[in-house]
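Please open the structure in a viewer and keep the sequence panel visible. The tour below proceeds by selection: at each stop, select what is named and then read what is there.

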Amino acid sequence: MVYRALVQPRPWLPERLEGTRVVLLRHAPANLSAFYRWYADAEIARLNRHQPGPMRREEIERFFTSRILGPDSVALAIHIRESGRLIGSCAFSQIDGDNGSALYHITIGERDAWGRGYGTEATDLMLELAFERLGLHRISLTVFSFNERAIASYRKSGFVLEGTARQAIWRDGRFWDENQMGILADEWRTGQRARRLEIGSAEGMVADGTARGAESRGALAAGGTAGTRA
């Protein structure tokens, strides 16, 4: 099948969101080749899909057309900032403008990029988009209880456990829970203020240490020791 898609203009969706380690860009039709590889991966299917087994090629194409390039989609490609390498995708779905809510999804498709903090930073950028630019009130997600790495990442971004669908998924020969997590705009802003205070405190400690170091060097140059007068 030859893939063809017309990328619809979405003025409310930014072209670029830039973090320290990752950059989020609008998806291009050429990214389909990466989706073929990612969503055919059995481990990615195990972590993300209710259905057993990876997605079929035609399923991936339909998903990419409607959920990634569709005119109403809010999906961005995750690139490593330093190299520009495409490593994953993140998106909002089920956007409810009346109630200010949306469902969040993220996939880091390149296995060698797992556990490096790229997903956490991408999530942080998406939450800023949701609460500061799109004016949403609540973001939620679902995650299988055995996906401990993802749960830890979501917690770092401020998501809290809201509920559990008990024994909702059959994996690895047993039933597992499916957790619902969420974050509210006020909670996100409180977390942002706390982070800024932490950064300011750390910078103040560095500046104080630099000043003390300069004082010590001056005292030693004068023939004394730090904290004493010659």
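**Stop 1: Met126**

Select Met126 and display the residues around it. In this predicted model, and leaving aside neighbours within four places in sequence, Met126 is in contact with Leu24, Val74, Leu76, Cys90, Ala91, Phe92 and Tyr104. Met126 is found in helix H4, which covers residues 118–133. Is Met126 buried or exposed? Its relative accessible area is 0%, and a residue counts as buried when that value is under 20%, so Met126 is buried. Now select the C-alpha atoms of Met126 and Cys90: they are separated by 7.9 Å, although the two residues are 36 residues apart along the chain.

**Stop 2: Leu129**

Remain in helix H4 and select Leu129, which also lies in this helix. Leu129 is buried, with a relative accessible area of 1%. Which residues does Leu129 touch, not counting residues up to four places away in sequence? They are Pro14, Leu17, Val74, Leu76, Phe92 and Leu134. Select Leu17 together with Leu129: the two are 112 residues apart in sequence, and their C-alpha atoms are 8.5 Å apart in space. Val74, Leu76 and Phe92 appear in the contact list of Leu129 and also in that of Met126.

**Stop 3: strands S3 and S4**

Select strand S3, residues 74–80, and strand S4, residues 86–96. S3 and S4 run antiparallel and are joined by six bridges. Leu76 stands opposite Cys90 in S4; both Leu76 and Cys90 are contacts of Met126. The two strands form a hairpin with five residues between them. In the turn, select Gly84, whose phi is positive, about 80°.

Next, colour S4 by burial. How many of the 11 residues of S4 are buried? Eight are, so S4 is largely enclosed by the rest of the structure.

**Stop 4: Gln94, within S4**

Select Gln94, which lies in strand S4. Gln94 is exposed, with a relative accessible area of 63%. Its backbone also deserves attention: phi of Gln94 is near 50°, a positive value in a residue other than glycine. Most residues other than glycine have a negative phi.

For a second example, move to strand S7, residues 160–171, and select Gln167. Phi of Gln167 is near 45°, again positive in a residue that is not glycine. Gln167 is exposed, with a relative accessible area of 54%.

**Stop 5: strands S5 and S6**

Return to S4 and add strand S5, residues 101–108. S4 and S5 pair in the antiparallel sense over seven bridges. Gly88 has Ile108 in S5 as its bridge partner. Four residues separate the strands in the hairpin of S4 and S5, where Gly100 takes a positive phi near 65°.

Now add strand S6, residues 138–144. In which sense do S5 and S6 pair, parallel or antiparallel? The pairing is parallel and runs over three bridges. One pair to select is Leu103 and its bridge partner in S6, Ser140. Five of the seven residues of S6 are buried, so this strand is largely enclosed by the rest of the structure.

**Stop 6: the second largest pocket**

Select Glu18, Gly19, Thr20, Glu121, Asp124, Leu125, Glu128, Trp188, Gln192 and Arg195, which line the second largest pocket. Two elements give two or more residues to this lining: H4 and helix H6 (185–221). Which of the elements gives the most? H4 does, with four residues. The pocket has a volume of about 190 Å³. By class, its lining has two nonpolar, three polar and five charged residues.

**Stop 7: the whole chain**

Finally, clear the selection and display the entire chain. Its secondary structure comes to six helices and eight strands. From the N terminus on, the elements run β-β-α-α-α-β-β-β-α-β-α-β-β-α. Of the 230 residues, 43% count as buried. Among contacts between residues at least 6 apart in sequence, 63% join residues at least 24 apart. Switch to a surface display to end the tour: the accessible surface of the chain comes to about 13200 Å², of which 51% belongs to carbon and sulfur atoms.

Terms used:
Residues are numbered from 1 along each chain as its sequence is written. This is a predicted model: local features need pLDDT of at least 70, side-chain atom pairs count only at pLDDT 80 or more; totals for chains, interfaces and linings use all residues. Side-chain values use heavy atoms; hydrogens and water are left out. Buried means under 20% relative accessible area, exposed over 50%, partly exposed in between (1.4 Å probe, protein chains only). Contact means heavy atoms within 4.5 Å. Accessible areas come from the Shrake-Rupley method with a 1.4 Å probe; for residues, only the protein chains shown count as cover. On a 1 Å grid over the protein atoms alone, a cavity is a set of points where a 1.4 Å probe fits but cannot get out, and a pocket is an open set with protein on both sides within 12 Å along at least five of seven lines; lining residues have an atom within 4 Å of a point. Grid points are joined across faces, edges and corners, and a volume is the space filled by probe spheres set on the points. Ala, Val, Leu, Ile, Met, Phe, Trp, Tyr, Cys and Pro count as nonpolar, Asp, Glu, Lys and Arg as charged, and the others, Gly among them, as polar. Two strands pair if DSSP finds at least two bridges between them.
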